[in-house]
Amino acid sequence: MKYKTVKLPGHPRSGSHWFNRLIDINFFDGTDYLRHYGGHPFGDHPRAAKYLQTPGQAVIYTHRSVTCTTKSIYKMRHRFGLIEDDYEKFCNTPMKDMYNANGTADVIRDTMNERIEVVEVDALFRGRPETVPEYITKHKASWGRHVGKGNFMMVSYDDLATDFHETMLRIAHFLGSDKTEFIDENKRVGWRAKSDDAWQKP
């Protein structure tokens, strides 16, 4: 490969944990997928600039359709402190008006390490003036401005789910890898609610 490291930011609920795992098992040694994790900074955040300016590092931004992402955030709304249960209102209400830091969050666990548990409400959306769909659209657009930079690409979760092999070939070409066969990760990766053991990729 032409890059020593790969950093993988994405908007919330974009499938970033699964994608981190795919990159780790296909292009690295598969022992620590979170070393590539880039979190959820906007494309104009100083962290984004640091990622892009690190010598020998590729940056791949993962994204997902606004509708699917909104539904996914709605399903985990209590985890994010968003207390609106009516889906239509949830989609159309600024997040700052739904946020409640004292809300009840389910216990969630890292599926790759069951000893790690989180019970606090995630403050990611605290004070955000956008609705959830507006936030996701804005997040993707902020990273879209980097398209054309030699060490940057954007990858759609939806493309990975529906055309895995061709999408992985594009990634391999970008990274300078000659791989043509790829391993999928069929175990659930990332955070899950304590009682939620069922998972299936679309």
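Select T131 first, in the loop between β4 (113–118) and α6; helices (H or I, at least four residues) and strands (E, at least two) are DSSP runs, numbered from the N terminus. The model is a predicted one, in which local features need pLDDT of at least 70 and side-chain atom pairs count only at pLDDT 80 or more, while totals for chains, interfaces and linings use all residues. Residues are numbered from 1 along each chain as its sequence is written, and side-chain values use heavy atoms, with hydrogens and water left out.

T131 counts as buried, at 8% relative accessibility; buried means under 20% relative accessible area, exposed over 50%, and partly exposed in between (1.4 Å probe, protein chains only). Show its surroundings next: leaving aside neighbours within four places in sequence, T131 is in contact with C91, N92, T93, P94 and M95, where contact means heavy atoms within 4.5 Å. A distance label between the C-alpha atoms of T131 and K96 should read 8.7 Å, although the two are 35 residues apart along the chain.

**The whole chain**

Now colour the chain by secondary structure, which comes to eight helices and six strands. Along the sequence these follow the pattern β-α-α-β-α-α-α-β-β-α-β-α-α-β. Of the 202 residues, 47% count as buried. Among contacts between residues at least 6 apart in sequence, 67% join residues at least 24 apart.

**The three-stranded sheet**

Select β1, β2 and β5. They form an open sheet in the order β1-β2-β5, with parallel pairing; two strands pair if DSSP finds at least two bridges between them. The edge strands are β1 and β5, each of which pairs on one side only. On average, neighbouring strands of this sheet are turned by 30° against each other, direction ignored.

Between β1 and β2 there are three bridges, and K7 stands opposite V59 in β2. Five bridges join β2 to β5; for Y61, the bridge partner in β5 is M154. Four of the five residues of β5 are buried, so this strand is largely enclosed by the rest of the structure.

**Helices against the sheet**

Add α6 (residues 132–144), which lies across β2 and β5 and runs at about 150° to β2. For such angles, axes are lines fitted to C-alpha atoms, for helices over the stretch in contact, and the angles run from 0 to 180 degrees between N-to-C directions. Then add α8, which packs on the sheet and touches β1, β2 and β5; its direction makes about 170° with that of β5.

Helix α8 (residues 164–175) has 12 residues and reaches 16 Å from its first C-alpha to its last, close to the 16 Å expected at 1.5 Å a residue. That expected span is 1.5 Å times one less than the number of residues. Show the side chains of F164, T167, M168, I171, A172, F174 and L175, the buried residues of α8. Viewed down the axis of α8, these buried residues fall within an arc of 160°, so they line one face of the helix; the arc is that of the directions from the helix axis to the C-beta atoms. Their cover includes β1 (5–7), α1 (16–27), β2 (57–63), β5 (152–156) and α7 (157–162). Just after α8, G176 takes a positive phi of about 80°.

Select α1 next. All of its residues, 12 of the 12, are buried, so α1 is largely enclosed by the rest of the structure.

**The nonpolar cores**

Show F19, F27, I60, L160, I171 and L175, which touch the most other members among the 21 residues of the largest nonpolar core. A nonpolar core is a set of buried Ala, Val, Leu, Ile, Met, Phe, Trp, Tyr and Cys residues joined through side-chain atoms within 4.5 Å. At least two residues of this core come from each of α1, β2, β5, α7 and α8, and α8 gives the most, with six residues.

Centre the view on F27. Apart from neighbours within four places in sequence, F27 is in contact with M1, M168, I171, A172, L175, S177, K179 and F182. A second, separate core of 15 residues can then be selected; I73, M76, F80 and V132 are among them.

**Last stop: S72**

Finish at S72, in helix α3 (residues 66–75). S72 is buried, with a relative accessible area of 12%. Leaving aside neighbours within four places in sequence, S72 is in contact with R13 and R64.
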